[in-house]
Amino acid sequence: MKLLRGKAEASLDDRLVALAEAADLADGRLDQAVVGRARDVVARAGIRRSLSVEHTAVALAGATGSGKSSIFNALAGRELAEVGATRPTTSKAQAALWGPDGSGPLLDWLGVPLRHVVGEGSGLILLDLPDHDSIVLSHRLEVDRLVGVVDLLVWVLDPQKYADAAVHERYLKALGRHRDNMLVVLNQIDRLPERAIRRCLDDLRGLLAVDGLEGVPVLGVSARTGQGLPDLRTALDRKVSRRTAWAARLTADVGTAADALSETAGGATAFTPVPQTALVRPLSRALSEAAAVPLVVRAVAKAHRHRAVAATGWPVTRWVRGLRPDPLRRLHLSRKGRTSLPAPTAVQLTMVDTAVRDVGAAVSEGLPEPWASAVRHAARSRSDELGDALDRAVATASLGASKKPRWWRVIGTLQWMVTGTMAAGALWLLALFALGYLLLPKPPTPTVGQAPWPTVLLVGGAVAGVVIAFVSRVVAWIGGRRRARKVAKTLRAAIDRVGEELVITPACAEQGRYVRFVDRVSSAG
Ligand SMILES: Nc1nc2c(ncn2[C@@H]2O[C@H](COP(=O)(O)OP(=O)(O)O)[C@@H](O)[C@H]2O)c(=O)[nH]1
Ligand SMILES: [Mg+2]
């Protein structure tokens with residue numbers, strides 16, 4: 001017995017923790033009223049378990065005139081409650097106690113000030129409730145309140161009214177989880193012919209099955225003749241002696257709250273999340289366009305070629321290059337400040353918006369409403385930050401623009417050497433020309449084959465310079481393309497990170513929240 005009880009409590013503990021977490025996860029996502037009720041259950045459970053678990057609060061609930069007070073008196077063995085069919089007699093619940101020690105705080109919490117000690121031992125607290133169909137509102141509210149908190153419910157029905165919709169619709173149908181802490185009593189069987197009793201009980205069982213209460217014990221009794229009362233007493237004693245009704249009640253409440261949470265979550269069925277990686281690509285493409293990545297990549301290639309030409313071009317003409325602006329510097333991609341990249345166009349912004357929504361749609365796929373819409377919302381939740389984040393990602397990405405290949409310096413030096421050679425040839429020729437002009441004798445000019453050396457130097461130097469410049473351009477073009485490709489990769493990674501951080505992660509977090517919620521709800525229920 002001890003062991004069983006320990007187990008029940010441990011499981012209740014786990015369920016309560018699960019329900020509390022499920023409610024927290026559902027906060028802001030699902031119907032606030034349902035979330036609030038789940039939290040109430042957790043709070044109520046905390047209080048109930050801190051009060052006497054040696055006592056079991058049993059309520060006699062039912063319609064006017066069904067015989068609650070009569071049964072109460074019969075079980076108590078004395079006339080405690082007023083009995084009368086014509087007017088609402090019981091306005092406040094009253095308690096009959098068997099073994100009152102330590103029951104005070106529990107009864108205070110239950111809000112039952114009227115108490116009678118009628119016996120020793122068992123720990124039974126029997127409550128006579130007002131009528132659930134009373135014409136007095138406060139009576140009905142009192143019933144609802146106590147039906148919501150007692151450990152064990154005894155529904156007292158009578159042969160005339162046992163099929164009335166009121167009790168079935170308002171109470172029994174909602175108590176499907178409470179089968180283990182509920183008894184149904186058909187009172188006044190003395191008013192039925194012997195043959196009819198069984199038929200009536202069977203009919204009642206059928207109705208209870210429709211309510212979702214199959215298997216709940218149904219006892220036929222008569223408060224007037226005492227028929228069936230010993231069985232009722234035995235059934236109660238058995239429940240009470242186990243001392244687990246309180247835990248069963250709370251477990252059922254936790255289950256009911258979990259069911260309600262699950263229902264507002266559209267069934268809360270388990271589902272397998274989409275892998276993130278499939279979502280990154282299309283989003284990155286749209287973000288890259290909006291962040292002018294293609295423009296930057298082109299500028300990087302151009303700048304590389306521009307700088308290569310400035311370093312390796314033909315010195316006679318390459319100074320012109322210096323007059324042109326550097327294609328990359330023009331974009332102001334400084335690590336500190338904002339870039340001077342063009343603002344995204346309306347079309348680009350629309351494409352980003354669409355891509356973000358696509359992520360929301362993909363991540364929420366298979367999720368029931370309203371959680372699916374929470375996921376879609378989460379995907380868009382940080383869209384405002386995209387512009388700045390993209391600008392920063394592009395500005396701080398390492399473009400390697402300041403890196404100068406070593407061969408530029410080598411070729412540059414070579415270019416100055418061949419230009420020097422050309423200049424030497426020119427000066428030599430100029431000197432010869434001046435001597436001729438002044439009719440002075442010319443020294444013999446050395447030749448290479450037929451060609452005089454100064455001419456060879458001049459022409460050879462010029463041709464070499466132009467050829468070197470041309471070859472360098474070809475190499476620089478290839479190098480520019482390679483650098484552009486590297487930069488494109490770097491930028492893509494940076495843009496990927498922005499999309500992941502600001503779009504995919506929030507959406508997946510919300511999705512994960514749902515997955516966790518489903519897990520918690522199923523642990524609670
Ligand atoms: N014949 C018959 N009458 C009963 C029985 N139980 C209660 N009554 C009568 O039904 C009326 C209402 O009983 P009461 O205990 O006040 O019902 P309550 O309104 O549910 O508390 C009273 O007149 C009782 O005498 C029963 O088992 N058989
Ligand atoms: Mg009464």
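This report describes the nonpolar cores and the aromatic ring pairs of a predicted model.

**Nonpolar cores**

The largest nonpolar core is made up of 78 residues, and those with the most contacts inside it are Leu 19, Leu 261, Leu 491 and Phe 517. Helix H17, which spans residues 453-524, gives the most to this core, with 17 residues. A second core, separate from the largest one, has 39 residues, including Leu 97, Leu 146, Val 150 and Ile 189.

**Aromatic pairs**

The count of aromatic pairs comes to 6. A pair of aromatic rings is described by the distance of the centres and the angle of the planes, and two of the pairs are set out in this way below.

| Ring pair | Distance of centres | Angle of planes | Class |
|---|---|---|---|
| Trp 371 and Phe 517 | 4.8 Å | 40° | tilted |
| Phe 433 and Tyr 437 | 6.4 Å | 25° | stacked |

The pair of Trp 371 and Phe 517 links distant parts of the chain, since Trp 371 lies in helix H14 (residues 371-380) and Phe 517 in helix H17, with their positions 146 residues apart. Both Trp 371 and Phe 517 are buried, and ring pairs join these two residues with Tyr 514 into a cluster.

The pair of Phe 433 and Tyr 437 lies within helix H16 (residues 406-437), where the two residues are 4 residues apart and therefore separated by about one helical turn. Phe 433 has 57% relative accessibility and so counts as exposed, while Tyr 437, at 65% relative accessibility, likewise counts as exposed, because the cut-off for this class is over 50%.

Note on methods: Residues numbered from 1 in each chain as written. Chains lettered and ligands numbered in written order. Predicted model: local features only at pLDDT ≥ 70, side-chain atom pairs only at ≥ 80, totals over all residues. Heavy atoms only, no water. Core = buried A, V, L, I, M, F, W, Y, C linked by side-chain atoms within 4.5 Å. Buried < 20%, exposed > 50% of the residue type's maximum accessible area, 1.4 Å probe, protein only. Phe/Tyr/Trp six-rings, centres within 6.5 Å; stacked < 30°, edge-to-face > 60°.
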